[in-house]
Structures are given as structure tokens and as C-alpha cells.
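Open the model in your viewer and keep the selection panel at hand. The stops below go from whole chains to single residues.

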Amino acid sequence: MSKILRKLSYLAFPECSRQALQYLTTCVTSANAHDVSIPGLDGADHAAEVCHEYILFNSGGRRGGIQKLNSIQELNLLEMISTCLDQAPQSSRYRIFVIIFGGSPDPQKINLFTKLVSMALSLSVGSVLDCAALWMQEHGCHSKAVCDLSHKLVEDYCILFTDVSKTFQKLPTVSALFTCNFITAVTSIYPFNGNIFQRPPPLGLLQYITNWISSDPCLCFESVRLIRIQANFSCPLSGLVQWCILGHLVMESRHSSSSNFSDSDRSKTIDILSKLHFGVLQSLQAYRSMELNQELFTMSQFVSLSQTLMQIVEKEEFQNKDSLNMLVERIGQMIQVAILTKSLKVNGKFL
Amino acid sequence: MAAVMKQSTGCSDEEWLVLRARSCMKTDQYAAKAWMITARSLFPRNFTIQFEAYTLEKVGKNVKEAAKLLEEMFMVFSNEDRLWEEIHQILEILQTEAMSDGQNNFLTEIFAEVSTHVQCQMLLTVAEKISNTLEQCRLLLLAMRKFPNLVGEHGLKLLETLHAAEMESNVQHPINCYRKLLVYDVLPLVLQRQKAGEIPPSKLYHWLKMAIDFYISYVTHPPSGHSSTVQGEMLSPTKSSKRQIPIPGLFERECQVTDPWGNLLKTFLLIGQHLGWEPQQELFSPQRETNFKQLFTLYNRSKQAGKDVNLHQILYTAVILFLHCLFAYVSAVDPESFIGTNSNHLPLVMVEGFKQESASESSPSKKLKTQTDTSPKLLATSSVPDSQHIISSFSTAFKCYELLHSSTELQREFMSLCEMWHMETWTWMGHFQTDMLIYQGAFMDAIAHLQNFSTANKESMKVRSSLQMACCFFSLHKYMKACELVLNVIKEVSVQDAATQMTNRSQVDKSHIDPSRRSLLLTVCSQTEILPYCVELLIACYKTKLNSAKSDDLALGHLIILLQYDWPKFQHVLSDVVQKIQKQGSFIYNLFFNYVINVDILEEVTFLKSQEGGKINLDILCISTKAIAQQRAVTRGVNKGVKEDFKVAMEKQVSRCEENIDKLIMKFLCEERQSLLKALS
């Protein structure tokens, strides 16, 4: 057994985890400093083990450690992790994060991670949220793990407490990347396409997102910005476009999936969606000046959107011609602005 | 996409898009804005659409967005007239606000949101486009106020433009729109921003002259109705006291010149700094003597150096100090002379004072010759408000005036300034000139000046000028002329002050004065203040008759009546009179019982009749004893009857002793005019 593991085995809970985190930080920062890592020889192996036993407490008490933390202890632990990440140098922050939460997503790890993010959100710890955002990006914003995390946050901040949350409101200023990826995941959780098994997004959430996007037209491209260092990116705009079009339709046609919406909530939602549509166009305008030159949409997306629109119209026997015209115009406006801002490439055949 | 959206409405694509946006505006402003974004993406170089988008944001009161669009339009569509109209409108409102600190207009909020660089460009470009010089100058001024960095580039140019515009417009009066902007608004900015030594001195002198001319004309502007036409608003009681002179060509808000003296001093100090002087910061402080002393030190030093190095500094310091003192003095003397000055007291008058000694063997003019080295002492009655300041203002103005005439160089420079400012037209200076001549003892000149000046004089200043002339004639021993003028004054004030009788007669503190020194008296032109002086002057006139060998009972009688005034102030004169009567042995004066009610005097006169008194033959009953004698037609017992009459008359007079002596004297002076003059002929 390595020195560190032996040392930690004598310590009781808060202290053992604190020292474990310290050890992790030293491992990562010193590795960073020398920029050498010899597999099998360096401390990383121990790091994984230390993390496994004294942060995630996964050993099941194999070495006489604590089997399971109670809620208070867990909160203590989360606080320690959060502080550790926040105080770690920026270059090694994500590496520490990966050692703790990377690898196979076992439920206990995901559970702890979700709680950490929720806590970081309520305390506005930007560094932790930035790590979470990168993690989301690596997993893909539409992946189940990320959607689960996002769903949990929506529950915590939009459904459990419907009052306006100040911390949630200013989320973009705490971590823009996290906000961006969160929105992407949310559009995946709530497609707002009239599917009976999927609820429409909560009104509060819709309001938050619309306000975020309206006040910062570059917010949606935080993930795109990272294209130089990240393999992939995600952009919430496709999902939001769908909301603007299909959401409006769902709200106007007494669709079963929105049956729990009151009339005032419906008209409120419709108003917000108009603002969101404008926000999307504004964002697209801003995108051009950012010169990121990535395609954000494909024409087939718009084609399938239009098809879904027509399906719902037929299914619901939607009568309001003016609204339908308006939605078609919206699609048209979005395509026009998207083409102009080079976020949508079209071949000559379509034109 | 344009093809998709275009409908067969018969209008162009752009128009259709604009219409779409407008139609959405009422129900859903976001939809309208979405349309505008689409329209702008379709027609990025279309002004109509861009302007519509701007209008939309303006209507929606979105300051930031509107500002952004305005800025964009300014960059891209610099040739569009509608854009210029809009910017011009914004700038006009901006100017209005700069003047009045009212609530912010929405348009100016938009302007404030535009980036500083573009703001600056907008102002300059609009200013460039305007053909009206005045408008152009206003905008440039606004630009320089907002962006002081522009002063370096545009300040001097703007001053030149304004100067040229004033010359071109051919206005004679210094209070004109160009001058006001130049002197009051632009000049301080330029002087503050420009570094010393960057501006040629000739220009600085020129501006200083313009500034002095402007501010002096401004503060000495006569009240409306006097020279300018009476306007309805000026007549309203709320506005009458406000110092606001309408300047043709400027808006009402622009005409405001706050603290003209303070601004003149500021300009003087700034220009002084540019010229490398060490200007006197406290030049307008109430410590006039100190200020003059500093100036005089500078003058002496430069005289010793024997060069003209400080000539201009001395000249301008003296001129400005002179004008400030002059203004303070004249506005105290003639409170109604200038618009906006405090006119709640009567005019003041400066007259020759009397010697304290009872005998006046030598005339004042003779004394003056022996006393040329010491200047006369100025005194004020206690009714004169803030008298020390008024007196020091006068004497400092006088000293400055002397200084300005003390060397040929200074005199020449000063004369050229006078000529440039048309000082001969400054009628308000007349009061000072009169007082200065009296102060110098040049009574002939003073009379000539008063006579010249009186035609232009206002009703309220008549008393003042008559009284001054009287004192001048008296000093020149022209007693009858002096008396005539005094009687005129008395007549004038008896009417004027009939309603407002003051209770207490104010006093002059003469305790510290060398009695042999010449003194001048400053007092208020009211009956209560002037009457003592008039009486004293008349007493002095009639007293001269005491010394003449021939008997003159009329003069003696008038003197006795006058002596009652302010009894026992002139008690010492009475003994001279009594002696004279005793010497004569008889005294005939029929007005005696009409006007003498003073018990002491009655007693003294009764005593004259007695054995001890010299058994003087007194014929002082209203109807002469001779006449009574003729009436009775008997010679015996005549005297007895007379004796009885005399006794009764005396007793009657004693019973009148409580009567108001001031009124009695006034009555005497008004009703016995002929007799009073006759006694002095």
C-alpha cells in the first residue's frame, strides 16, 4: 500500500477527504509543472485510488473506512470539493475534476456530481460550473447523463421553487459556457413538439432562457467558441428554433401535452416565444460579427421542422390561418437571417 | 426569401417589409423587431429600412438599440437628408437641455448612448453642414462643452468666426449675440484649455477689451422702458427685478449672463495667466484700499524699472478695478440707473461739507489752495446703507482714474480704450464725474458739467443735481444762486416726501475729523436727510451778512428763524446775531412772530428790549409799530398799546413752542421765497 493510502486510512472523515483532495491537487499541479507523466509510475494511479476511496467512498468499507456519508457529511464533502476546485490553478482545475468525476458514469458518482453542480449554481461558483460545462460538452449536450443533470437542475430551480431565483437569473454572468450547454440540454429534454409523452418546458424556465438570450446575443455561441480546443460543439439555437415554431402551435391548439397550462400561461408563453424568436434572430446577427464560421443549422433541419409543423396542423385540425402564416414567416425569417449570417449553408439547388 | 415573402400588393419589397413591421408594432413589438432584422438582412444597404428600424426602437423607447442603429446609419448613410434632420433635431434638443437643467429628453438619452467618438463626429459634421453662422457656432460650442479635447482644434477658429460674424453683421452695440457667445461661452473654454504662450498677446488683449466692453455694457444696461422698448413680460412684477437683457438673435435661455462681474474677473485672470502676469485674484474684494495698494506697488516698481514692461497689466488692472468701483458707486448713488440693481433706496448725493468752526473767515476755495496735499475727507450720514463700501468705492475709483492719467503712456492707452468703448456714451458715468469734480474742488467745472448733464437727467435725480449745484455756487460765494437752488430743492422734496416722513434724523460721526480739513458729505436724497443740509447752507449764506458793516435786518431775521432748526445746534450763531442787533440799536423784522417759536430765542429777544439788553428798538410785530401808530391816530399812549401787543404776541409764541419745527421751517422756506432771496441780493 502506498504511503498516502496508509496515511489516509488512519484519518476520520472530513480530514481524510480534505487530505485526499490536497493530494489530488498536488499530483495534478506537479505533473503540470514538470509536464511529464510516466504511466504506472507517477502518482496518478494512487490518485485514482485515493479519489475512489476517500472522495467517492466507493470501496464499501473495504479498508475499514466510512461506508456511507450521511447528508450533513455529504454536504461537507461537496463544499470541500467545490473549494478545492475553485482554489486550484485554472490549468489543473479540469484535470482534478476529471480524476474525481471522469471515467465510467456510475450512479453514485453522477449523484454526487449533480449535487455538486446544483450547489455551485446556488452559490454562483463559476469555476465548478465551468468544469461541469466542459464535462457536458465532452459527453455531448444531448447525452443521457447531461440531460439527467440538466433535468435535475430544472427541477431544483424551476419546478420545486417557482419564485424567480436571483442566482439562476444571473447564471450567464457566472458561467456563460455552462448556461449555453444547459440550454442545449434543456431543448433536448423538452422538444416542445407536441409529443404526448413529453411535457412543454416550464414557463419559468422559458422565461429565464429568453431573458438570457435577449440580454446577451453571443450567449448561444459559447460552446462554438471552443471549437479550436474542443472536438465538438453544441448550440442551443436549433432547439430554440423548434420551440419558437412548434411551441407556439402547441400552445394555440389545445394540445393534450399542454393540458396543464392555464389560458393566461398559454398567452404568456406565446408572448415569450415571440421575444425568443426575436432573440434568436438577434443572436444570429451577432454570430456573423463573431466570425466563428461554423455551420449551426442544416437545411434538412428546417425541412423536417416544417414537416412536423404540418403534421401537427393536420393532427390537431389547426384552423388559425393567421397564426400558421406567422409561423411560416418565422421560419422564413430565420432561414433568411441564418443564410446571411453564414450559420446555414445552402446549395444552389435549394435556392 | 424575398421572393417567398413578396406579395402582390403593388409595393416594393422594402416597403412591404416596413409595412409588415409597422403592422406588428401595435400587437407584438418583438415580431416587429424580428421583421426589421429580416428586412435589414435582406437589404443591408437600404436606408429606408434602417431608418424604420431606428424609428421602431425610438417608439419602443429602447435607448440602446436606437442609439446603435443611429450610429450605424451615421457611418453608412452619411448622405441621407432624413438622417441629418434627425441628428439635427437631437442636437437642438441637446442644446436646449444644456441651457435649462430640465428632465432629460428621450432623444438626448439616445445621443448619450452613442459612442463618444461618433457623438463628436455627429456634432462636427452637422456644424459643418449648417450655413447659419450662429447655429454653427452654437453646435461647435456644444461640441466643445461635451468634448473639451475639441477646444484645442476648434476653439481659436470659433473665436475668429464669431469675431468675423460680429464685424460682418455691423452691430454697434457690444451686447449682441456673437459677442455674448464669444465672451461668455467660448472664450473661457479656450483660455482654460489652451496652454499659456500658445495664443499671441495681441489677440488676448483684443479679447480682453471685448470682454470688458461686453460685461460693462451688460451690467450698466438701463432698465427697460428707458432706452429699449417696453415689453409686456418685462412689465410683469415677477420679472421686473430679474437681470435679463434680451439679446437679439439668441434664445431667451441663451441670454442669461450669470454673475457678469465674476465672469469678467475670471476672464481677466485667465488672460493674465496667459500673458505671464501675476493678476490680482481678489481684485473685486471689498478691501478696495488693499487692492489699490497692490496695483500702486506694481506701478511704482515698473516706474523704477523705467520700462513699459508692466504697462498693460497696470492699465487693465486699473481699468477693471476702476470700472468695478465706479459701478458699485454709481449703482448706490442712482439705484435706478441699471437693470437688475437693488433699487429699494433713494438716490444718494455728495455735497461739500461745512467747517465745524463757527466763524467762516476764509472761504472754502481759499482753504483748498492751502490743502491740496491732503485729499478731502468723505463722510456719510447714518442713513446711507453700507456707506463705508460706497465711500471706498468712490475714492478707489478716483485713485484709479488719477493713476490712469499719471503717465503719458497710460493716458494714451486709456484714451484709446475709451474711444474703442465709446465711453462718451456711458451716461451713467456722469454722476461720478460730477462727484469727482466736487471732490477735487473744481466747482466751476462741476456746475458746467451739471448743467450739461441735467438735460439728460431723470426726475429722481433732479434734487441731487440741484443740491450739488447749490453747494458749488455756495463754495464760489454765489450765495443768492445757491439759495435759489436750495429753495428749489426744498420745494421739490416737500412734495416728494410729503407722504414718507422719516422719524429720526440721522447723524454724522464727525468725532475723528480734523476740523480744518475739507470734508464732503454723502447723504440720501430724502427730505429728512436733505433739510438739515439746506438749513445749514442757508445759515452759512446769511451769516456772511453778519460781517458786513451795513445793517441788514431782513437777513438777520431770516437767520434767527433758521437758527431754531435743530436747536441748540446753532446757538453760537445766535449770540453773534444778538451782538449785531445790539450794535445796531434797532431791529425791524415783521416775520418774527410768524416763525419764531423757540423759547430760548424768544427770551433772548425779549431781553434785548429790557434795560440790561440795551433797550433795543424792536419792530417785530406782524404789523409794523409805525402802521399801528398811524392807525390809532393818537400819539400818546401808543407805546403802551404796542407794549401790550408785544407781550401778548410773545406769550402766544411761547404757547406755540411745541409745534413741529421742521414743518415750520419748511413752510418758511417755501412761502418766503422772495424775501429769502431778497436778503441775499
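The tour covers the two chains, then a sheet with its helices, then ring pairs, then cysteines.

**Before selecting anything**

The model is predicted, so local features need pLDDT of at least 70 and side-chain atom pairs count only at pLDDT 80 or more, while totals for chains, interfaces and linings use all residues. Residues are numbered from 1 along each chain as its sequence is written, chains are lettered from A and ligands numbered from 1 in the order in which they are written, and side-chain values use heavy atoms, with hydrogens and water left out.

**Stop 1: the chains**

Select chain A and colour by secondary structure. Chain A has 17 helices and zero strands; helices (H or I, at least four residues) and strands (E, at least two) are DSSP runs, numbered from the N terminus. Of the 351 residues in chain A, 53% are buried. Buried means under 20% relative accessible area, exposed over 50%, and partly exposed in between, with a 1.4 Å probe and protein chains only. The exposed area of chain A is about 16400 Å², of which carbon and sulfur atoms supply 53%; areas come from the Shrake-Rupley method with a 1.4 Å probe, and for residues only the protein chains shown count as cover. Of the contacts (heavy atoms within 4.5 Å) in chain A with a separation of 6 or more, 75% are between residues 24 or more positions apart.

Switch to chain B. Chain B holds 32 helices and five strands, and 53% of its 681 residues are buried. Chain B exposes about 32200 Å², with 51% from carbon and sulfur atoms. Among its contacts between residues at least 6 apart in sequence, 73% join residues at least 24 apart.

**Stop 2: the sheet in chain B**

Select residues 348-352, 377-380 and 519-524 of chain B, which are strands β1, β2 and β3. These make an open three-stranded sheet in the order β1-β3-β2, with mixed pairing. β1 and β2 of chain B are the edge strands, each with a single partner, so one side of each has no neighbour in the sheet. From one strand to the next the twist averages 25°; axes are lines fitted to C-alpha atoms, for helices over the stretch in contact, and angles run from 0 to 180 degrees between N-to-C directions.

Strands count as paired if DSSP finds at least two bridges between them. β1(B) and β3(B) pair antiparallel over five bridges; one place to look is B:L348, whose bridge partner in β3(B) is B:V524. β2(B) runs parallel to β3(B), joined by four bridges. Here B:A380 has B:L522 as its bridge partner in β3(B), and B:K377 stands opposite B:S519.

Is β3(B) covered on one face or on both? Both faces are covered: B:S519, B:L521 and B:T523 on one side and B:L520, B:L522 and B:V524 on the other are all buried. With six of its six residues buried, β3(B) is largely enclosed by the rest of the structure.

Now add the helices. Helix α18 (residues 387-404) of chain B packs on the sheet and touches β1, β2 and β3 of chain B, its direction making about 150° with that of β2(B). Helix α24 (residues 527-543) of chain B also packs on the sheet, touching β1 and β3 of chain B, at about 150° to the direction of β3(B).

**Stop 3: ring pairs**

Show the side chains of Phe, Tyr and Trp. Rings (for Trp, the six-membered one) pair if their centres lie within 6.5 Å; planes under 30 degrees apart count as stacked, over 60 as edge-to-face and the rest as tilted. Over all chains there are 44 aromatic pairs by this rule.

Zoom to A:F168 and A:W212, a tilted pair with 5.4 Å between centres and 55° between planes. The pair links distant parts of the chain, 44 residues apart: A:F168 is in helix α9 (residues 166-169) and A:W212 in helix α12 (residues 203-215) of chain A. A:F168 is buried at 0% relative accessibility, and A:W212 is buried at 3%.

Next select B:F322 and B:F414, whose centres are 6.3 Å apart with planes at 85°, so the pair is edge-to-face. B:F322 lies in helix α16 (residues 311-333) and B:F414 in helix α19 (residues 408-421) of chain B, 92 residues apart. Extend the selection to B:Y329, B:F394, B:F398, B:Y401, B:F432 and B:Y439, which ring pairs link with B:F322 and B:F414 into a cluster.

**Stop 4: cysteines**

Select B:C325, which is buried at 0% relative accessible area. The closest cysteine sulfur, in B:C400, is 5.6 Å away from that of B:C325, too far for a bond. The whole structure contains zero disulfides, defined as pairs of cysteine sulfur atoms within 2.5 Å. Finish at A:C16, buried with a relative accessible area of 1%.
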